[in-house]
Amino acid sequence: MQPIITVSGLDKTYRSGFQALKGIDLEIRRGEIFALLGPNGAGKTTLISIICGIVNPSSGKVVADGHDVVRDYRNARRKIGLVPQELSTDAFETVWATVRFSRGLFGKPPDPAHLEKVLRALSLWDKKDSKIMTLSGGMKRRVLIAKALAHEPEILFLDEPTAGVDVELRHDMWQLVRRLREDGVTIILTTHYIEEAEEMADRIGVINHGELVLVEDKTTLMRKLGKKQLTLSLQEPLATIPGELAGLPLELSEDGQSLVYTFDVQSEETGIAGLLRQLHAHGIDFRDLHSSESSLEEIFVSLVRQGPRAGGAAVQEVRA
Ligand SMILES: Nc1ncnc2c1ncn2[C@@H]1O[C@H](COP(=O)(O)OP(=O)(O)OP(=O)(O)O)[C@@H](O)[C@H]1O
């Protein structure tokens, strides 16, 4: 299937001379939920703003559902709904008026039935005649989503959809996003909550210093990361791992003081019992052992802590 969004060779240098995006290539699949992760200032908002036609790229190209976002801005924009981070809505308008206005902006004919459906789905129907300034923060955020959905976009961008909202509303939002996907909407969200990406995304992209350092199916990523490590601190340092143990996923630390055994959390057989038997048979005693588990959070942190180049190396490791 044709991707719904194709980003190729995208660079952005702001007038200040700051290079916010470097050679971004990305394809978004029709109907997926794609989570874009990255630390503050990584370039997430810049990338989204370019795709939505709000910011011009310095070079490169973006096609959204067949429309070039620069040359064919209007048609591209019609396909896209954007839920911004900022809560800047018209405080004195009613919910109904602001949502109706948003639809009109895209040249769509009025469709009260559609707006009612959107407001009901967001539990805003009984607030439709309330002025926005009288709503709670969580409700205002839902109004932003309703505005973005008013013109029936096929692609929805959510920039930090659940920043600062309480746990209950966060779960409601997740449910809503899933329902939208069931309706065929493609969803791209940025988030600082790893849990959110873990919970929602079909695929995950990590951006750091303006570079896309990883794009991966979530399940694949989790499977690769779903590894545990058992570290055995040895009684006596070893020079090398004995030949008979060479076939095991075992590594010796540089100082020879500990052995690290990596195993798959999902697999039924960890092989630990066998490992311990073999170590015993070779007279390798250990003082202590502890296990650790890698998480999406850890990989994310390790990817973004390192510089872009080291990040690239880490990607290789993850992909290996
Ligand atoms: N108009 C601008 N002029 C100059 N530099 C800018 C401009 N807008 C953004 N930047 C810079 O580009 C970099 C990327 O910003 P961007 O807002 O895309 O990051 P982000 O990943 O969305 O961050 P956050 O998670 O904090 O929202 C930042 O260093 C920012 O200071």
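Helices here are DSSP runs of H or I with at least four residues, strands are runs of E with at least two, and both are numbered from the N terminus. With those labels in hand, open the model, which is a predicted one, and start at the ligand.

**Stop 1: the ligand**

Select the ligand and bring up its surroundings. Along the chain you'll pick up Tyr-14, Ser-16, Phe-18 and Ala-20, then Gly-38, and then the run Asn-40, Gly-41, Ala-42, Gly-43, Lys-44, Thr-45 and Thr-46. Which element gives the largest share of this shell? That's H1, with 3 residues. Colour the shell by class and you get 4 nonpolar, 7 polar and 1 charged residues.

**Stop 2: the helix H1 and the sheet of 4 strands**

Now select H1, residues 44–51. Turn the view until you see what H1 lies across: S1, S2 and S4, with the helix running at about 120° to S1.

Show those strands as a cartoon. They belong to an open sheet of 4 strands, in the order S2-S1-S4-S5, with antiparallel pairing. Strand S2 (19–28) and strand S5 (67–68) each have a single partner strand, so they stand at the edges and one side of each is left without a neighbour in the sheet.

For the middle of the sheet, pick strand S1 (residues 5–13) and strand S4 (residues 59–64): they run antiparallel and are joined by 5 bridges. If you want one pair to zoom in on, take Val-7, whose bridge partner in S4 is Val-62.

**Stop 3: the sheet of 6 strands**

Keep H1 on screen, since it has a second sheet to show you. H1 also lies across strand S3 (33–37), S7, strand S8 (186–191) and S9, and its direction makes about 155° with S7. Add helix H6 (residues 167–182), which packs on the sheet too: H6 touches S3, S7 and S8, at about 155° to S8.

How are the strands ordered in this open sheet of 6 strands? Reading across, the order is S6-S7-S8-S3-S9-S10, and the pairing is mixed. The edges are strand S6 (80–83) and S10, each of which pairs on one side only. Look along the sheet and you'll see the twist, which averages 15° from one strand to the next.

Walk in from the S6 edge, one pairing at a time:

- S6 runs parallel to strand S7 (residues 155–159), and 4 bridges join them. Ile-80 stands opposite Ile-155 in S7.
- S7 and S8 are parallel as well, with 5 bridges. Here Ile-155 has Thr-186 as its bridge partner in S8.
- S3 and S8 run parallel, again with 5 bridges. Find Ala-35, which stands opposite Leu-189 in S8.

Stay on S8 for a moment. Is it mostly covered or mostly open? Covered: 6 of its 6 residues are buried. Show the side chains and they split into two sets, with Thr-186, Ile-188 and Thr-190 pointing one way and Ile-187, Leu-189 and Thr-191 the other, all of them buried.

**Stop 4: the nonpolar core**

Ala-35 leads on to the next selection. The largest nonpolar core has 63 residues, and Ala-35, Ile-51, Ala-64 and Ala-146 have the most contacts inside it. The element that gives the most to this core is helix H5 (residues 137–149), with 6 residues. Centre on Ala-146: leaving aside residues up to four places away in sequence, you'll find it touching Val-99, Val-118, Leu-119, Leu-122 and Leu-124.

**Stop 5: two backbone oddities**

Switch to the backbone for two residues that are not glycines but have a positive phi.

Ser-123 has a phi of about 55°. You'll find Ser-123 in the loop between helix H4 (112–121) and H5. It has 14 C-beta neighbours inside 10 Å, so it counts as partly exposed.

His-209 has a phi of about 50°. His-209 sits in the loop between strand S9 (203–208) and strand S10 (211–217). Its 19 C-beta neighbours inside 10 Å also put it in the partly exposed class, because buried starts at 20.

**Last stop: zoom out**

Show the whole chain: there are 11 helices and 14 strands. Of the 320 residues, 32% count as buried. Among contacts with a separation of 6 or more, 70% link residues 24 or more positions apart.

Technical notes. Residues are numbered from 1 along each chain as its sequence is written. This is a predicted model: local features need pLDDT of at least 70, side-chain atom pairs count only at pLDDT 80 or more; totals for chains, interfaces and linings use all residues. Two strands pair if DSSP finds at least two bridges between them. Two residues are in contact if their C-beta atoms, placed from the backbone, lie within 7 Å. Axes are lines fitted to C-alpha atoms, for helices over the stretch in contact, and angles run from 0 to 180 degrees between N-to-C directions. A residue is near a molecule or strand if its C-beta atom, placed from the backbone, lies within 6 Å of it. Ala, Val, Leu, Ile, Met, Phe, Trp, Tyr, Cys and Pro count as nonpolar, Asp, Glu, Lys and Arg as charged, and the others, Gly among them, as polar. A nonpolar core is a set of buried Ala, Val, Leu, Ile, Met, Phe, Trp, Tyr and Cys residues joined through C-beta atoms within 7 Å. A residue is buried if 20 or more other C-beta atoms lie within 10 Å of its own, exposed if 12 or fewer, and partly exposed in between; C-beta atoms are placed from the backbone.
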